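Please look at the sequence and the 3D structure together before reading the report below.

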Amino acid sequence: MQIANVTITDENIAWNAINWQKVNRRVNNLRRRIYRASCEGNMKLVRSLQRLTLRSRSNTLQAIRRVTQINQGRNTAGVDKVVVNTDKERNLLLKQLASNDTKSVKPIKRVYIPKKNGKSRPLGIPTIGDRCKQAVVKTALEPYWEAKFEKCSYGFRPGRSAHDAIRRAYSIAGANKSKKWVLDADIEGAFDNIDHNFLMKFIGNFPGRNWIKAWLTSGVMEGWQITQTVAGPPKEESLVRFYSILLYMVWKQCSGSIITRMVQ
């Protein structure tokens with residue numbers, strides 16, 4: 001990792017000595033409290049807990065561990081060519097994430113992944129620092145929306161999988177059921193054309209909205225050229241799942257829940 005001119009003090013953390021069960025318990029407790037407050041419609045408490053989650057040291061520690069030690073892309077660098085592998089580097093990253101300056105957001109690196117049909121799928125790779133901050137923000141934002149999402153939606157949601165969707169589909173259209181059809185719909189260019197202002201308005205006064213706005217407009221670096229993003233969220237790992245569900249909520253609100261009523 002490229003080390004900046006930062007003095008490493010005795011407060012540095014020995015990552016192997018961290019009680020991760022305690023860290024995860026604290027973060028999960030915050031998530032549950034946000035979810036309950038959202039279910040009760042107590043927006044004042046929701047925003048207060050979200051601010052607390054964004055400032056939570058446990059949340060930041062969990063995000064750094066997930067991005068730099070657990071995720072498959074932990075050794076994949078962004079445009080700054082930085083990866084984080086040692087305790088010293090993780091401590092420096094922890095200090096950097098304490099800053100609330102969105103100017104630290106960098107463009108995503110564009111790479112192309114080959115598909116089975118011979119075509120390529122574009123993928124954006126943020127820097128390690130941005131990925132960690134995105135994980136922090138996602139932890140604060142996701143529980144509020146989990147209370148709003150449809151019970152019959154399963155894609156990209158915590159604690160749910162494709163097997164849950166298969167089980168649900170079988171219970172509706174099994175051999176002894178009257179419904180024998182499947183609706184397969186694809187909204188072409190949904191990600192590429194979503195208006196940033198509309199998405200930010202839909203998110204509301206979330207305490208971390210300045211970070212989301214910065215990521216949406218951070219731009220894309222392909223080769224040595226940076227292209228500004230004027231519409232659509234970047235297709236990157238940390239928040240793309242949340243964007244997918246949020247866009248479904250936008251579409252559902254605009255379409256009058258027609259499809260939801262059909263599958264129920």
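The report that follows deals with salt bridges and with the surroundings of one further residue.

## Basis of the report

This is a predicted model, in which local features need pLDDT of at least 70 and side-chain atom pairs count only at pLDDT 80 or more, whereas totals for chains, interfaces and linings use all residues. Residues are numbered from 1 along each chain as its sequence is written, and side-chain values use heavy atoms, with hydrogens and water left out.

## Salt bridges in the model

Side chains of opposite charge can pair when their charged atoms come close. The structure holds 4 salt bridges, a salt bridge being a side-chain nitrogen of Lys or Arg within 4 Å of a carboxyl oxygen of Asp or Glu. Three of them are described here, beginning with those that involve E142.

## The network around E142

R31 forms a salt bridge with E142, and the closest N and O atoms of this pair are 2.9 Å apart. Because R31 lies in helix α1 (residues 20-39) and E142 in helix α5, the pair ties together parts that are 111 residues apart in sequence; helices here are DSSP runs of H or I with at least four residues, numbered from the N terminus. E142 is buried, with a relative accessible area of 6%, where buried means under 20% relative accessible area, exposed over 50%, and partly exposed in between (1.4 Å probe, protein chains only).

E142 also meets the side chain of K138 in a salt bridge, at 3.2 Å from N to O. Both K138 and E142 lie in helix α5, where they are 4 residues apart, about one turn of the helix. K138 is partly exposed, with a relative accessible area of 22%. Through salt bridges that share partners, R31, K138 and E142 are joined into one network.

## The pair in helix α4

D87 forms a salt bridge with R90, with 3.3 Å between the closest N and O atoms. These two residues are 3 residues apart in helix α4 (residues 87-97), so D87 and R90 are separated by about one helical turn. D87 counts as partly exposed at 29% relative accessibility, whereas R90 is buried, with a relative accessible area of 6%.

## The surroundings of E146

E146 has its place in helix α5 (residues 128-146) and is buried, with a relative accessible area of 13%. Not counting residues up to four places away in sequence, E146 touches Y35, R157 and P158, contact meaning heavy atoms within 4.5 Å.
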